[in-house]
Amino acid sequence: MFLTEFTMKINENYVLQKNYIFTEISKKMLDFKAKYPTRKIYNLGIGDVTRPMDKRLVDKIKKALDEQIHSRTFKGYPPETGYDFLKTAIAKKYALRGIKLDLDEIFISNGAGCDVTNILNLFSDVTAVIANPTYPAYLDSNNLRGNNCILLPLTKKNQYKMLPNTLSENQNYLIYICSPNNPTGATLNYDDLLSWVNFANRTKSIILFDNAYESFIEDKSPKSIFEVKNAKYCAIEISSFSKSAGFTNLRCSYTIIPKTLTRQNIKINKMWLRHQCTFFNGVPYHIQKGAFFTLTDEGQRICQKNINYYKKNLKILKNCLKKNNFEFLSSNNSPYVWVKIPISKSSWEYFDFLLYTYGIVCVPGSGFGESGEGYIRLSAFAKRCDIISATKLLPWV
Ligand code: MLT
C-alpha cells in the first residue's frame, strides 16, 4: 500500500505538456515503417544534416583520439568550459567581425539545444518573449518550468519580424531571438537588432540570441548579436557546429556570455561558469579537435562546400514549389521553406496526408507555435535524392 501523501511531488508540467514535436514525428515515422516496411520515406522533416563527413575532418578526430593511447598524451576529464585551443579559434573568428572576446567569455558545450534550455536555471520569475512561430524548445522549456510566456506572432504585416514595439517597458524579459528565424527564414537586420538591444538595456532584459543558422546568411544581416552596439550589456549568444559544420551527431556548440552582462550586480558569466562546473562534464577532446579543424581555412572550405550543397537543395525545392503555385516563405539566409498548406487540412492532417500518400516527411507548422497552424516546414538538409523524389511527386494535393 502506497502512502500517497508522502509521495515525491513531481513537476506536473512534464505530464501536462504534449510530446516534443521531433519525438512525435519520429514516432509517426516508426509507425509508418512498421505498417509499410517496404515503402520509401523522403525525409524533409527535422533539420538534421545528411552530408557524410569529409575524410580530412574524420582523420583529425581519429588522430586526436589516438592521443589517448599514450600516457604522454592521454587526457582525463576535459575542462568544463572547453579547451583553450578551440576557444582561441572561436575568438579569432569573432575578431574578424570586429568583436573582441576574452576566452573566459566562451563556454564550449555539447549542443545549442542544451544551453538554450538549461540557461533558464540562472533566472527566477522569468517572463519569456518568444516569436510565434519559432524553434519549439524555447516555448517548451519555459512551459516545463511553468514560466510566463509572451508570444509575439510573426505575420505578413510585420514582415515576419519579431520587434519590441508591442511590449510594455515596465518589466523585464528573457527575449529569444533566432535570426535567421527557424522556420520562416526571416532575418533581422542591424537596425532591427539594435532596437532589441536598446529595449533590453532600457528594461534590464536579457536577449538569448540563437544564431544556429548564421553560416547560411548571404546578405548583410548581422551573424552575431555582438556586432550590434551595446549588446555586450544585455545579450547571450548561443552558437553551434551542428548546422555550420555537420556536427549533429558529434555534438559541439558554444555559448558566449560577456563579462559586462550583469543583473542585480552579479555577472551572468560567473553564474554560467558555476552552472557548467556543476551540471556538465565538458566536450570530449577529440570532438573539440574536430570542431577546431572546421574553423581553419581548410575546414571552412569543407564546411562551405556542404552549405552550398544544402543551398542547392533549397533552390530545387523552391523552384518546384513555385512551379506548382505553392505559397511559401523562404530566404536565402536559411535552410528551410515555410509552406502554406494548399488544401483544407490542419498541419498535422497534412503531415499525415504527405506521409501516407507520398512517403514525404515534413514538420507540421503548428509544432512551431499556434501561428504555424496551416503551414508545414520543409528542410533543405535532406538528401538530394530525397528532395528530387519528393518534388517529382508534386503537387501534393
Ligand atoms: C529543427 O529541425 O528545427 C532543428 O534543427 C532541430 C534541432 O536543432 O534540435
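Q: How many salt bridges does the rule find across the interface of domain 1 and domain 2?
A: In this predicted model, the rule finds one salt bridge across the interface of domain 1 and domain 2. Such a bridge needs a side-chain nitrogen of Lys or Arg within 4 Å of a carboxyl oxygen of Asp or Glu. Glu 218 and Lys 311 form a salt bridge, with their closest N and O atoms 3.0 Å apart.

Q: Where do the two domains lie along the chain?
A: The domain assignment gives domain 1 as 12-52 + 300-391 and domain 2 as 55-297. Their C-alpha centres are 25 Å apart. To the contact, domain 1 gives 35 residues and domain 2 gives 39 residues.

Q: How many residue pairs are in polar contact across the interface?
A: A polar contact is a pair of N or O atoms within 3.5 Å. The rule finds 17 such residue pairs between domain 1 and domain 2, both residues being at pLDDT 80 or more.

Q: Which elements give two or more residues to the side of domain 1 that touches domain 2?
A: They are α1 (13-16), α2 (21-35), α11 (297-323), β12 (336-340) and β15 (375-379). The largest share comes from α11, with seven residues. By type, the residues of that side divide into 16 nonpolar, 13 polar and six charged.

Q: What area do domain 1 and domain 2 bury between them?
A: The two domains bury about 3100 Å², with 57% of it on carbon and sulfur atoms. Within domain 1, the residues that lose the most area to domain 2 are Tyr 20, Asn 333 and Phe 368, together 20% of what that side buries.

Conventions: Residues numbered from 1 in each chain as written. Predicted model: local features only at pLDDT ≥ 70, side-chain atom pairs only at ≥ 80, totals over all residues. Heavy atoms only, no water. Domains from an automatic or database assignment. Contact = heavy atoms within 4.5 Å. Buried area = accessible area lost by both parts, 1.4 Å probe. Polar contact = N/O pair within 3.5 Å; in protein donor to acceptor, adjacent residues only side chain to side chain. Helix = DSSP H or I, 4+ residues; strand = E, 2+ residues; numbered from the N terminus. Nonpolar A, V, L, I, M, F, W, Y, C, P; charged D, E, K, R; others polar.
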